[in-house]
Amino acid sequence: MPTSPTMDVQQFIDSHPFSRFQKQLLVLCFLVVAIDGFDTASIGFIAPALRAEWHLTAASLAPLFGIGLFGLMSGALLLGPLADRYGRKPVLLLSVGFFAVASLLSAFATGLPMLLALRFLTGLGLGGAMPSAITLTSEYCPQPRRASLVTLMFCGFTLGSAFGGLIAAQLLASIGWRGVLLIGGALPLLLLPVLWMALPESLRWMVMRGRGAVAIAALASRIETRSGHALPQLVVSDRKLPGSPVAQLFRPGLLGGTLLLWSTFFMSLLIIYLLSSWLPTLLSGAGHSLSQASFISSAFQIGGTAGAILLGRWMDRYRPQRVLAIAYLAAAVCIVAVGLSTDNVPLLVLAVFGVGFGVSGSQVGANALAAAFYPTANRATGVSWASAVGRSGSVVGSMVGGALLAAQLSNQTIFLLLAIPAVLAACALLAMGRLQDRAKTAFVSSPTVTESTAT
C-alpha cells in the first residue's frame with residue numbers, strides 16, 4: 001500500500017465519519033461505567049439488610065460508605081498514572097477484573113471488618129476503571145463531537161445507578177444482600193472477556209509510544225474503512241513530557257488549569273453527595289412523606305442525565321468552561337429555590353431537577369473537559385487525579401450534611417449555604433477559561449506543551 005503524507009492522529013480521526021468500531025468502543029466504556037453506577041447504588045439499598053442481620057447500629061454501619069469512597073479515591077490516584085505508562089486497555093481490564101473479584105468475595109463476608117476491607121478493594125478497582133474509560137473514549141472521539149460523546153458515554157453511570165437501585169429493591173427480599181453483591185461481581189466478570197477481545201488500545205497512546213507500525217495500521221484501518229485509500233503515517237502533535245505523569249500535572253502551562261479543575265471537581269461532588277445523602281431527610285423534615293421525598297429526589301438524577309446530554313452538545317458548540325460555568329450559576333439559583341419552595345411540590349420538583357441538570361450534568365461535562373485539557377502523555381493521570389480530588393469532596397459533602405442537620409439550621413439556610421460551592425465552581429471554570437486565553441500563544445509555541453492543551 002503506498003505511503004501517504006504524515007497526519008496527526010486527531011486530524012485523522014476528525015476527517016472520518018464516526019465508525020462502527022468507535023461506536024463499539026463507546027458502548028463498551030458505557031457498560032463499564034454503568035457497572036460502577038450499579039455498585040454505587042446497590043450498596044445503599046443493602047445497608048438495612050446488613051444492619052438487621054449483623055445487629056449493627058447506624059454509627060457502626062457508616063464506615064461502609066466512607067471506605068468505598070476512600071477506595072475509589074485511592075484507585076484513581078494509583079491506577080491513573082499506570083494507564084499513562086502502560087496503556088489504557090490493560091489498566092482498564094485490571095481494574096474491572098479487580099473490582100469484579102472483590103465484589104464476589106464481598107458476598108461471602110462473615111462480618112463487618114471483612115466486608116469493609118473488601119469494599120475498599122472494590123472501590124480501588126472502580127476508582128481505576130472510570131478514568132481509564134473516560135480517557136479511552138475521549139481519545140477515539142472526533143474533536144467537534146468529543147464532549148457530547150464522552151458525556152453520552154458517562155450517562156451509563158446514571159442508568160447503572162437506577163438499575164442497581166431497582167435490582168436491589170426488587171430482589172433483596174428473595175436473594176438477600178449477598179445475592180445483590182454476587183450480581184455486582186458477576187456482571188463485570190462476564191464483561192471482562194468481551195473487553196479483552198473487543199476493546200482496543202488508544203491509537204493516540206500507541207503512536208506516541210511507538211508501539212509498532214503493524215498494530216497502529218490495524219487500528220487505523222478500522223477507522224479508515226474506505227477501500228483503496230492509503231493509510232497516512234500517523235503522528236501526534238503532543239510530545240512526551242519529561243518527568244512522571246503526576247509531576248507533569250504541575251508543569252507550567254498545566255498547573256493553573258489543574259488546580260482550577262480540582263476546585264471544580266471538589267465543589268461539584270461535595271454538592272452531589274450531600275444532596276444524595278441528605279435530600280430525602282431534609283424533605284422529610286419539611287413535612288413530606290417518605291414516598292414523596294423519594295419522588296422529588298429522583299428529579300435530581302433525571303435532571304443530571306438530561307444535563308449531561310445537553311451540556312455535552314453545548315460544550316462542543318461553545319466555550320466549554322463558559323457553558324459549565326453558566327450551568328453551575330443556574331444550579332446555584334435552583335439550590336436557593338429548593339430551600340424556598342419546600343411547601344410547593346411542583347416548584348420543588350422543578351428546582352431539584354434544575355440542580356441535577358446544572359450540578360450533576362456539569363460534573364459529567366467536567367470529566368470531558370479534563371480529558372480534553374491534558375495531553376496524551378498524562379491524560380489518564382489528569383482525569384483520575386481530578387476524580388480523586390472530587391471523591392474527597394464527596395466525603396466532605398456527606399459529613400457537612402450531617403453537621404448542618406446537627407446544627408438545627410433551617411432548610412432555607414442549609415440550601416443558601418449549599419449554593420456557595422456551586423458559585424465557586426463557576427468562578428473556577430471562568431478563571432480557567434481566562435487563564436487559557438492568556439496562555440494560548442505560549443501553549444501553541446512551546447516545544448513541550450501540547451497543542452491540545454490550549455483547546
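Analyst: Relative accessible area sorts residues into three groups: buried means under 20%, exposed means over 50%, and partly exposed is in between. Keep in mind that this is a predicted model.

User: Thanks! Why is F250 called partly exposed?

Analyst: F250 has a relative accessible area of 36%. The middle group takes whatever is neither under 20% nor over 50%, so F250 at 36% is partly exposed.

User: And what makes W262 count as buried?

Analyst: Its relative accessibility is 15%. Buried means under 20%, so W262 belongs in that group.

User: Which residue joins F250 and W262 in an aromatic cluster?

Analyst: W385 does; with F250 and W262 it forms one cluster.

User: How many aromatic pairs are there?

Analyst: Rings pair if their centres lie within 6.5 Å, and that rule gives nine aromatic pairs.

User: Why is the pair of F250 and W262 called edge-to-face?

Analyst: The ring centres are 5.8 Å apart and the planes meet at 85 degrees. Planes over 60 degrees apart count as edge-to-face, so 85 degrees settles the name. This pair links distant parts of the chain, with F250 in the loop between α10 and α11, and W262 twelve residues away in helix α11.

User: What makes the pair of W314 and F357 tilted?

Analyst: The planes of W314 and F357 are 50 degrees apart, with 6.4 Å centre to centre. Stacked is under 30 degrees and edge-to-face over 60, so an angle of 50 degrees falls among the rest, which are tilted. W314 lies in helix α12 and F357 in helix α14, so the pair ties together parts 43 residues apart in sequence.

User: How do you know that W314 can be part of a surface patch?

Analyst: Patch residues need over 30% relative accessible area, and W314 has 34% relative accessibility. W314 forms a nonpolar patch with L152, I309, L310 and Y318, and together they have about 440 Å² of accessible area. The largest share, three residues, comes from α12.

User: How do you know that the charged end of R145 sits over the ring of F18?

Analyst: That charged end is 5.4 Å from the centre of the ring. The distance has to be within 6 Å, and the charge within 35 degrees of the ring normal; the pair is listed as sitting this way.

User: What makes the contact of R119 and D39 a salt bridge?

Analyst: Their closest N and O atoms are 2.8 Å apart. A salt bridge needs these atoms within 4 Å, so the pair qualifies. R119 is in helix α6 and D39 in helix α2, 80 residues apart. Both are buried.

User: Which residue does E139 pair with in a salt bridge?

Analyst: E139 pairs with R379, at 2.5 Å between the closest N and O atoms. The two are 240 residues apart, E139 in helix α6 and R379 in helix α15, and both are buried. Salt bridges with shared partners join D84, R88, E139 and R379 into one network.

User: Last one: what is notable about phi of Q408?

Analyst: Its phi is near 60 degrees, a positive value in a residue other than glycine. Most residues other than glycine have a negative phi. Q408 lies in the loop between α15 and α16. At 72% relative accessibility, Q408 is over the 50% cut-off, so it counts as exposed.

How values were computed:
Residues numbered from 1 in each chain as written. Predicted model: local features only at pLDDT ≥ 70, side-chain atom pairs only at ≥ 80, totals over all residues. Heavy atoms only, no water. Phe/Tyr/Trp six-rings, centres within 6.5 Å; stacked < 30°, edge-to-face > 60°. Helix = DSSP H or I, 4+ residues; strand = E, 2+ residues; numbered from the N terminus. Buried < 20%, exposed > 50% of the residue type's maximum accessible area, 1.4 Å probe, protein only. Patch = residues over 30% accessible without salt bridge, like charges linked within 9 Å, V, L, I, M, F, W, Y side chains within 5 Å. Areas by Shrake-Rupley, 256 points an atom, 1.4 Å probe, with all protein chains shown as cover. Salt bridge = Lys/Arg side-chain N within 4 Å of Asp/Glu carboxyl O.
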